[in-house]
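Biologist: I'd like to learn how to read the features of a structure like this one. Could you walk me through it?

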Amino acid sequence: MNDLELHQLINRVPYAQTLGIQVGGENDCFLLPTKKSNIGNPTLPALHGGAIAGFMELSAMMYVLRHSNSEKFPKVVDFAVDYVRAGKYVATHSRCKLIYLGRRMINVSISAWQEDEAAPIAMARAQFLVKE
């Protein structure tokens, strides 16, 4: 699946549109641009943890669609996120990495960062069921 097809797929997911997810410039990267509705703490301002987790989960789902032969959305079996530091109100990036690709199960690790990829704001693990 190329970037254009992935972009069209993202546009079909209402929650992805709500968050504002975009395909990143690099392969297997995604972008969460600044959007006021994603702020959880307006005093800092800081991104809402749910927006960060949703961004990471949807990034992993789009990654799975790109790297599997399935044309159906994968079903989430398990998703766990570890928040490392506060997400500032700046553009946020995610990179996905395939951990395990079986006939029916796919495991992906996801890292989300802002200014420096070496300083993630959150790390996550996702397991998906993919029907053939």
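Modeller: We'll go through the annotated domain, a helix, the cysteines, the salt bridges and some single residues.

Modeller: Ground rules come before that. This is a predicted model, so local features need pLDDT of at least 70 and side-chain atom pairs count only at pLDDT 80 or more, while totals for chains, interfaces and linings use all residues. Residues are numbered from 1 along each chain as its sequence is written, and side-chain values use heavy atoms, with hydrogens and water left out.

Biologist: Which feature does UniProt place at residues 47-118?

Modeller: With UniProt, positions are given in the numbering used here, feature names are shortened, and annotations may be inferred rather than shown by experiment. In this case the unreviewed entry lists "domain: Thioesterase" at residues 47-118. Over that stretch the chain is 26% helix and 40% strand, with 19 Å between the end C-alpha atoms. Helices (H or I, at least four residues) and strands (E, at least two) are DSSP runs, numbered from the N terminus.

Biologist: How do I read a helix, say H3?

Modeller: The general idea: an α-helix has 3.6 residues a turn, so residues three or four places apart point the same way. The expected span is 1.5 Å times one less than the number of residues. Helix H3 covers residues 49-67, 19 residues in total, and its first and last C-alpha atoms are 27 Å apart, close to the expected 27 Å.

Biologist: How many of the residues of H3 are buried?

Modeller: Buried means under 20% relative accessible area, exposed means over 50%, and partly exposed is in between (1.4 Å probe, protein chains only). H3 is mostly covered, with 15 of its 19 residues buried. Gly50 sits in this helix, but Gly50 is partly exposed because its relative accessibility is 32%. Contact means heavy atoms within 4.5 Å; leaving aside residues up to four places away in sequence, Gly50 touches Tyr15 and Tyr83. As for distance, the C-alpha atoms of Gly50 and Asn11 are 20 Å apart, with their positions 39 residues apart along the chain.

Biologist: Next, cysteines. How many disulfides does the rule give?

Modeller: A disulfide is a covalent bond between the sulfur atoms of two cysteines. The working test is a pair of cysteine sulfur atoms within 2.5 Å. Here the count is zero. Cys29 is in no disulfide, as the nearest cysteine sulfur, in Cys96, is 8.1 Å away.

Biologist: Why does Cys96 not bond with Cys29?

Modeller: The two sulfurs are 8.1 Å apart, so they are too far for a bond. Both residues are tucked in, mind you: Cys29 is buried at 6% relative accessible area, and Cys96 is buried at 5%.

Biologist: And how many salt bridges does a search of the whole structure find?

Modeller: We look for a side-chain nitrogen of Lys or Arg within 4 Å of a carboxyl oxygen of Asp or Glu. The search finds four. One of them joins Arg66 and Asp28, at 4.0 Å from N to O. That pair links distant parts of the chain, 38 residues apart: Arg66 is in helix H3, and Asp28 is in the loop between strands E1 (22-23) and E2 (29-32). Arg66 is buried at 11%, and Asp28 is buried at 14%.

Biologist: Which strands hold Asp82 and Arg125?

Modeller: Those side chains meet in a salt bridge at 3.1 Å, N to O. Asp82 is in strand E5 and Arg125 in strand E8 (residues 120-129), 43 residues apart. Asp82 is partly exposed at 39%, and Arg125 is partly exposed at 43%.

Modeller: Glu115 and Lys88 form a salt bridge too, at 3.2 Å, N to O. Glu115 lies in the loop between strand E7 (105-113) and E8, and Lys88 in the loop between E5 and strand E6 (92-101), so the pair ties together parts 27 residues apart in sequence. Glu115 is exposed at 57%, whereas Lys88 is partly exposed at 43%.

Biologist: Last one: what does Phe79 touch?

Modeller: Phe79 is in strand E5 (residues 75-83) and is partly exposed at 21%. Leaving out residues up to four places away in sequence, its contacts include Ala53, Met56 and Arg125. Ser111, in strand E7, is buried at 14%, and its contacts, counted with that sequence cut-off of four places, include Met56 and His93.
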